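Biologist: I have a new structure open and would like to learn how to read it feature by feature. Could you walk me through it?

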Amino acid sequence: MEVDTVEINDAIFCSSHIKEVCEECGYDGREENDAFYGFNPINREPLAPPSVTVNKDGLHQCKKHGSAGCNQCFGWKKQITKARTAAKKAGKK
Ligand SMILES: [Zn+2]
Ligand SMILES: [Zn+2]
């Protein structure tokens, strides 16, 4: 089954729930997002996007700052790096 996805500041999420890993959709975008940032995919905690709204151009923006390219809320590379470090520490592959 194809899952509808949405791109927020270069990372991909399921469009219905804005989750990187979504059981409901059967979606896991970690591999794609890791690859985008030049990482080898590992079993890490998924990205946790903040509350978002859709602006008049159809772009997802953070509720907090009203910005579609908000590096504070959508700083994925930093979040992925953190999640990878945590996963490695926990001995996951
Ligand atoms: Zn979903
Ligand atoms: Zn923000």
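Biologist: Let me begin with a single residue. Is His-17 buried, partly exposed or exposed?

Modeller: Keep in mind that this is a predicted model. Buried means under 20% relative accessible area and exposed means over 50%, with partly exposed in between. His-17 has a relative accessibility of 32%, so His-17 counts as partly exposed. Cys-25, at 13%, counts as buried.

Biologist: Which residues coordinate the zinc ion (ligand 1)?

Modeller: Both of the residues we just discussed take part: His-17 through ND1 and Cys-25 through SG, along with the SG atoms of Cys-14 and Cys-22. The distances run from 1.9 to 2.3 Å. Along the chain, these donor residues follow the spacing C-x2-H-x4-C-x2-C.

Biologist: And how do I read the geometry of a metal site?

Modeller: Look at the angles between donors. Four tetrahedral donors ideally make angles of 109.5 degrees at the metal. Around the zinc ion (ligand 1), the angles among the four donor atoms are 103 to 114°, and the site is tetrahedral.

Biologist: Let me try the other site. Which residues are the protein donors of the zinc ion (ligand 2)?

Modeller: They are Cys-62, Cys-70 and Cys-73, each through SG, and His-65 through ND1, lying 1.9 to 2.4 Å from the zinc ion (ligand 2). The donor atoms subtend angles of 104 to 113°, which makes this arrangement tetrahedral. The spacing of the donor residues in sequence is C-x2-H-x4-C-x2-C. Cys-62 belongs to strand β6 (residues 60-62) and Cys-73 to the loop between β6 and α2, so this pair ties together parts that are 11 residues apart in sequence. Cys-62 and Cys-73 are both buried.

Biologist: What else can I learn from strand β6?

Modeller: Try His-60, which is found in that strand. With a relative accessible area of 13%, His-60 is buried. To see what surrounds a residue, look past its sequence neighbours. Not counting residues up to four places away, His-60 touches Val-6, Ile-8, Ile-18, Val-52, Thr-53, Val-54, Ala-68 and Phe-74.

Biologist: Val-6 and Ile-8 are in that list. Which face of β1 do they belong to, the covered or the uncovered one?

Modeller: The two faces of a strand can be read separately. In β1, Val-6 and Ile-8 make up the covered face, while Thr-5 and Glu-7 are on the uncovered one.

Biologist: In which sense do β1 and β2 pair?

Modeller: They pair in the antiparallel sense, over four bridges. Val-6 stands opposite Phe-13 in β2. The two strands form a hairpin with two residues between them, and Asn-9 in the turn has a positive phi of about 50°.

Biologist: Is Ala-11 in β2 buried or exposed?

Modeller: Ala-11, found in strand β2, has 0% relative accessibility, so it counts as buried. Beyond four places in sequence, Ala-11 touches Val-6, Asn-33, Tyr-37, Leu-47 and Trp-76. Take Leu-47 from that list: Ala-11 and Leu-47 are 36 residues apart in sequence and 9.2 Å apart in space, C-alpha to C-alpha.

Biologist: Now the helices. How do I read the faces of one?

Modeller: An α-helix has 3.6 residues a turn, so residues three or four places apart point the same way. In α2, the buried residues are Trp-76, Ile-80, Ala-83, Arg-84 and Ala-87. Seen down the helix axis, they fall within an arc of 105°, so they line one face of α2. The face turned away from them carries the exposed residues Lys-78, Lys-82 and Lys-89.

Biologist: What do the buried residues of α2 pack against?

Modeller: They pack against β1, β2 and α1. From the α1 side, look at Asp-34, which lies in that helix (residues 30-36). Asp-34 has 0% relative accessibility and so counts as buried. Its contacts, leaving aside neighbours within four places in sequence, include Ile-80 and Arg-84, as well as Phe-39 and Arg-44.

Biologist: How can I check the length of α2?

Modeller: Compare the expected span with the model. At 1.5 Å a residue, the 14 residues of α2 (residues 76-89) should span 20 Å, and the end C-alpha atoms are 20 Å apart, which agrees. Just after this helix, Gly-91 takes a positive phi of about 80°.

Note on methods. Residues numbered from 1 in each chain as written. Chains lettered and ligands numbered in written order. Predicted model: local features only at pLDDT ≥ 70, side-chain atom pairs only at ≥ 80, totals over all residues. Heavy atoms only, no water. Donors = N, O, S within 2.8 Å, 3.2 Å for Na, K, Ca; no water. Tetrahedral: all angles 85-135°; square planar, octahedral: opposite > 155°, others 65-115°. Buried < 20%, exposed > 50% of the residue type's maximum accessible area, 1.4 Å probe, protein only. Contact = heavy atoms within 4.5 Å. Expected span 1.5 Å × (residues − 1). Arc of directions from axis to C-beta. Pairing = 2+ DSSP bridges.
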